[in-house]
Amino acid sequence: MDTINDFIANALPYTEWPMFLLLIGGGLFLVFYSKLMPYRFFGHAIAITAGKYDNSNSKGEVSSFQALSAAVAATVGLGNISGVAIAIHDGGPGVVFWIWMTALIGMCIKFYSCSLAIMYRGTDSDGKLQGGPMYYITRGLGEKARPLAIFFAICGLFGFLGVFTANQFTETFMSVVEPGSNIIEMSDENWKWTIGLILAIITSFVIFGGLTKIAKVASAIVPFMVAVYLIAVIAVMAMNSGQIFPALKMIFTEAWNFKSLATGGFWGLVIIGVRRAMFSNEAGLGSAPMYHGQSKNDEPIREGLVAMLGPFIDTILVCTFTAIVIILSGAYLEDSSGIVMTLSAFERTLFGWGDILLMVIVTAFALSTLFTYSYYGVKSLSFLTNAKIGKLYNWYFVIMIVFAAVASLELVKNLIDLSYALMVIPNMIAVLLLAPKVNVELKKYIIKLKDGRS
């Protein structure tokens, strides 16, 4: 594991510039190219998600709300709870500002990529409707771009593993429950193997049921758990209201700290923010278009607007609240990282039992993330082979959950960071090249909306 980690850690710096230029540079281009249209239609996006424009006769497997829930299930989770803690640990409070900036740009990227997912839907070897980067690359850019789609799908075989979630759930369980003392006396390593195995078994019950089952479970769990988490965080903020503005001030002032303690100084601080924001909301990554491409919606712009809400929910709201709790509790000053830091912050601020509440929330988030991530991997392998072989990804996914439970945080973090950075390259190239096609559809949609035909 150390050898693998060293190899990945050495490869990571080479992906920083391409990722930054495509995600931030490309994202800013889309923001101005769209004339801020997605942001101006924010209220309309909420109305679509509420089901106001649903059409049962549209093609697809799930509703726009279910697609958003499933996509948010894959992103609202440990990326927002422990990912923010890792970011603050690695770069200090100022990193949160760069997470916000990346998320705001990410909303526009999601709008374009998920509109393309509906515009260029294809079918797999079973004749089922499919959407996502592999399809808008090959159908939108043509067969000459197939190597880009293949590269994306190969990276997805690693990027869509639930290793980070399994690892951080195990850390949470070990830290809160202390099973070696409170359940059965066993070494920490044996307990980690056991937790990994149990997590793998629970996950397999849902993921072998297919997309419809995943979407149903996700749309039931996610809104409720996000609500519970936000109530807990708001309670902490209400009890420590005097420290909210100092915490926010620290985020803004430290964001421009050119003598940052982050590796790589100020540039390192920005890169950490971009990486963690991408891990939090997956904008530019190309995962959400796979779900939104399955939506019962024949109107690409409408689906793009629904998808745009994802980064707002999971990064602007959930990540910010998590960061404020970590900063006002003083937990960020400790030498812990990941979920252990967030657990410490909640325990301090919620009468000593906040870590137990967080454990319950993390369990739901972890399971919903594992249920949804497996589907992305199945689609990647299906594209490279066929739909029948693609389903075998679930076995590989389940086995890797067990290994992730005993792996180091550094290894799983580096594996995901490298895979994500590589996946951004083909996806963002396609989104930028196909953006004019989305703008044409956007103009048509605005006219229809004004005429009351949408």
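**A walk through a helical model**

Let's start at the outside: the accessible surface of the protein comes to about 17600 Å², and carbon and sulfur atoms account for 66% of that. Keep in mind as you look around that this is a predicted model. Stepping inside, 61% of the 454 residues count as buried. As for secondary structure, you'll find 22 helices and two strands in the protein.

How do distant parts of the sequence come together here? Take the contacts in the protein with a separation of 6 or more: 83% of them are between residues 24 or more positions apart.

For a close-up, go to helix H7, which runs over residues 95-119, and pick out Ser-113. Is Ser-113 buried or exposed? Its relative accessible area is 3%, and since buried means under 20%, Ser-113 is buried. What does the side chain of Ser-113 reach? The partner is the backbone oxygen of Lys-110, at 3.4 Å. Leaving aside residues up to four places away in sequence, Ser-113 also touches Tyr-136, Pro-289 and Val-431.

Now for how helices pack, beginning with H17 (residues 300-329) and H18 (residues 339-349). Their axes come within 9 Å and cross at roughly 70°. Angles from 65 to 115 degrees count as roughly perpendicular, so H17 is roughly perpendicular to H18. On the H17 side, the contact is made by Thr-322, Val-325, Ile-326, Leu-328 and Ser-329. H18 answers with Met-341, Thr-342, Ala-345, Phe-346, Arg-348 and Thr-349. As for handedness, the crossing of H17 and H18 is left-handed.

Another pair to look at is H12 (residues 188-207) and H19 (residues 354-384), whose axes are 9 Å apart and which pack at an angle of about 55°. That angle lies outside the parallel, antiparallel and perpendicular ranges, and the rest count as oblique, so H12 is oblique to H19. Which residues of H12 and H19 make the contact? From H12 come Leu-199, Ile-202, Thr-203, Val-206 and Ile-207, while H19 brings Leu-367, Leu-370, Phe-371 and Ser-374. Here H12 passes H19 in a right-handed crossing, whereas the H17 and H18 crossing, as you saw, is left-handed.

Key: Residues are numbered from 1 along each chain as its sequence is written. This is a predicted model: local features need pLDDT of at least 70, side-chain atom pairs count only at pLDDT 80 or more; totals for chains, interfaces and linings use all residues. Side-chain values use heavy atoms; hydrogens and water are left out. Helices (H or I, at least four residues) and strands (E, at least two) are DSSP runs, numbered from the N terminus. Buried means under 20% relative accessible area, exposed over 50%, partly exposed in between (1.4 Å probe, protein chains only). Contact means heavy atoms within 4.5 Å. Accessible areas come from the Shrake-Rupley method with a 1.4 Å probe; for residues, only the protein chains shown count as cover. A polar contact is a pair of N or O atoms within 3.5 Å; within protein, one must be able to donate a hydrogen and the other to accept it, and residues adjacent in sequence count only if both atoms are side-chain atoms. Axes are lines fitted to C-alpha atoms, for helices over the stretch in contact, and angles run from 0 to 180 degrees between N-to-C directions. Angles under 35 degrees count as roughly parallel, over 145 as roughly antiparallel, 65 to 115 as roughly perpendicular and the rest as oblique. A crossing is left-handed if the near helix is turned anticlockwise from the far one by less than a right angle, and right-handed if clockwise.
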